[in-house]
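Got your viewer open? Load the model and follow along, one selection at a time.

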Amino acid sequence: HLGRTPPSLTPLFRRADIVRMAQAVGPYTIQMLEAFPADGKRYEILDGVLIVTPAPIPSHQILQAALGEQLLPYVRANAVGRVLFGPADVIFDEHTLLEPDLLVALGEGARGLRSWRDLPDPALVVEILSPSSARYDRGLKRERYLQRVAEYWIVDLESRLIERWRAGDERPSIHRQRLEWQPAPNIPPLVVDVAALFAELPEPE
């Protein structure tokens, strides 16, 4: 049913949890996804499977903003494209639509973007882990992203590090202090202060 609203999350799931929904209506499509309510949850589909993530925890949002504050001035100063914060749709086909926490797209197509269907292949996609999203973010989502994305960063809040993946990598490079990112050969690299990102977060209990 096109307009069917998926069942709400039960109290058994923490706010950081991710839920793989039952396929009661068959494979989900982008058209079906567009009929869901704007209720603060993240709705994604991966090979027709609906994935629902509740609203993020504060540390997730603090880290997302801190990383954006390092990327935005660099992208603007070099006029290479646009930094976009989630929810932002990365569409692979009618049965796979993912919403990263942050992405960078390059070129005129990114600067004049009017529809997510016109999004150029991103130069960078970032996902910030929650406790039970790790299996998706490090597994199936990573495989899908690297079909379209030059680089995929997984930000691990608990370990306070960034895993950097590029197409063809068998394992990520691990960054705890700094990370150099150069999206185009004709501009100088950005040095991301990884340690400063995590310094923005409250101390763990």
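Start by selecting residues 58–78, which make up helix H2. Keep in mind that you're looking at a predicted model. Put a distance label between the C-alpha atoms at the two ends of H2: they are 31 Å apart. Why does that agree with what you'd expect for H2? Because at 1.5 Å a residue, its 21 residues should span 30 Å.

Stay on H2 and show side chains. Which residues of H2 are buried? Pick out His60, Leu63, Gln64, Ala66, Leu67, Gly68, Gln70, Leu71, Tyr74 and Val75. So the buried set includes Leu63, Leu67 and Leu71, but also His60 and Gln64, because each of these has under 20% relative accessible area.

Now step off the end of the helix. Ala79 follows H2, and its phi is positive, near 50°.

Next, jump back along the chain to residues 49–53, which form strand E3. Click on Val52, which lies in this strand. Is Val52 buried or exposed? Its relative accessibility is just 3%, so Val52 counts as buried. While you're there, add Arg42 to the selection: it sits 10 residues from Val52 along the chain, yet the two C-alpha atoms are separated by 5.6 Å.

Finally, zoom out and select everything. Colour by secondary structure and you should find six helices and 13 strands. The protein has 205 residues, and 49% of them count as buried. Turn on the surface: the accessible area is about 10,500 Å², with 51% belonging to carbon and sulfur atoms. As for contacts between residues at least 6 apart in sequence, 57% join residues at least 24 apart.

Note on methods
Residues numbered from 1 in each chain as written. Predicted model: local features only at pLDDT ≥ 70, side-chain atom pairs only at ≥ 80, totals over all residues. Heavy atoms only, no water. Helix = DSSP H or I, 4+ residues; strand = E, 2+ residues; numbered from the N terminus. Buried < 20%, exposed > 50% of the residue type's maximum accessible area, 1.4 Å probe, protein only. Expected span 1.5 Å × (residues − 1). Contact = heavy atoms within 4.5 Å. Areas by Shrake-Rupley, 256 points an atom, 1.4 Å probe, with all protein chains shown as cover.
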